[in-house]
Amino acid sequence: MSQVFSEETHRNLLSRIPECTGREISDWLRTVEEGPSLFRFEEKVSWLRGEHNLSYGQAKAIIHEYDLRRAARKLL
C-alpha cells in the first residue's frame, strides 16, 4: 500500500467523491471488492478510471481508502 496523499488531502478528496460521482464511498469500496483481482495499486486505479470514468485523483483516493480498510481488517 502506498501513501498517495497527505491525510488531510485524502479526507478532502473522499468527502467530495459522493457529490462528484453520485455514489457513496461505501458503494465504491464494494465495487473495488467485487471487481477484478488486481494486485498492484496502479492497476486498480487504472481499472477504476477506465471502467467507471473517474479522475485519477478520485480513483487513487478510493483505492487508498480500500487498502487502508483492508489492512485494518487484517489487524482485527
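**Exercise 1. The largest pocket**

Task: Find which helix gives the largest share of the lining of the largest pocket, and describe that lining.

Solution.
- Step 1. In this predicted model, H4 supplies the largest share of the lining of the largest pocket, with four residues.
- Step 2. Look for other contributors. H2, helix H3 (41-52) and H4 each give at least two residues to the lining.
- Step 3. Note the volume of the largest pocket: about 280 Å³.
- Step 4. Go to the centre. The lining has 16 residues, and the closest to the centre are Leu38, Phe39, Lys44, Tyr66 and Arg70.
- Step 5. Sort the lining by class. Nine residues are nonpolar, two are polar and five are charged.

**Exercise 2. Two residues of the lining**

Task: Decide whether lysine 44 is buried or exposed, then do the same for arginine 70.

Solution.
- Step 1. Place lysine 44. This residue lies in helix H3.
- Step 2. Apply the cut-off. Buried means under 20% relative accessible area. Lysine 44 has 9% relative accessibility, so it counts as buried.
- Step 3. List the neighbours. Leaving out residues up to four places away in sequence, lysine 44 touches Leu38, Phe39, Ile63, Tyr66, Asp67 and Arg70.
- Step 4. Turn to arginine 70, one of those neighbours. Arginine 70 sits in helix H4.
- Step 5. Arginine 70 has 33% relative accessibility, so it counts as partly exposed.
- Step 6. Add a distance. Arginine 70 and glutamate 33 are 37 residues apart in sequence, and their C-alpha atoms are 9.8 Å apart in space.

**Exercise 3. How H2 meets H4**

Task: Work out how helix H2 is oriented to helix H4, and name the residues in contact.

Solution.
- Step 1. Take the geometry. H2 (residues 25-34) and H4 (residues 56-75) pack at about 75 degrees, with axes 10 Å apart.
- Step 2. Therefore H2 is roughly perpendicular to H4, because angles of 65 to 115 degrees count as such.
- Step 3. Name the contact residues. H2 brings Ile25, Trp28, Leu29, Val32 and Glu33, while H4 brings Ile62, Ile63, Glu65, Tyr66, Arg69 and Arg73.
- Step 4. Sort them. The contact has seven nonpolar, no polar and four charged residues.

**Exercise 4. An unusual backbone angle**

Task: Say what is notable about the phi of asparagine 53.

Solution.
- Step 1. Locate asparagine 53: the loop between H3 and H4.
- Step 2. Recall the rule. Most residues other than glycine have a negative phi.
- Step 3. Compare. Asparagine 53 is not a glycine, yet its phi is positive, about 55 degrees.
- Step 4. Check accessibility. At 70% relative accessibility, asparagine 53 counts as exposed.

Terms used. Residues are numbered from 1 along each chain as its sequence is written. This is a predicted model: local features need pLDDT of at least 70, side-chain atom pairs count only at pLDDT 80 or more; totals for chains, interfaces and linings use all residues. Side-chain values use heavy atoms; hydrogens and water are left out. Axes are lines fitted to C-alpha atoms, for helices over the stretch in contact, and angles run from 0 to 180 degrees between N-to-C directions. Angles under 35 degrees count as roughly parallel, over 145 as roughly antiparallel, 65 to 115 as roughly perpendicular and the rest as oblique. Contact means heavy atoms within 4.5 Å. Ala, Val, Leu, Ile, Met, Phe, Trp, Tyr, Cys and Pro count as nonpolar, Asp, Glu, Lys and Arg as charged, and the others, Gly among them, as polar. On a 1 Å grid over the protein atoms alone, a cavity is a set of points where a 1.4 Å probe fits but cannot get out, and a pocket is an open set with protein on both sides within 12 Å along at least five of seven lines; lining residues have an atom within 4 Å of a point. Grid points are joined across faces, edges and corners, and a volume is the space filled by probe spheres set on the points. Buried means under 20% relative accessible area, exposed over 50%, partly exposed in between (1.4 Å probe, protein chains only).
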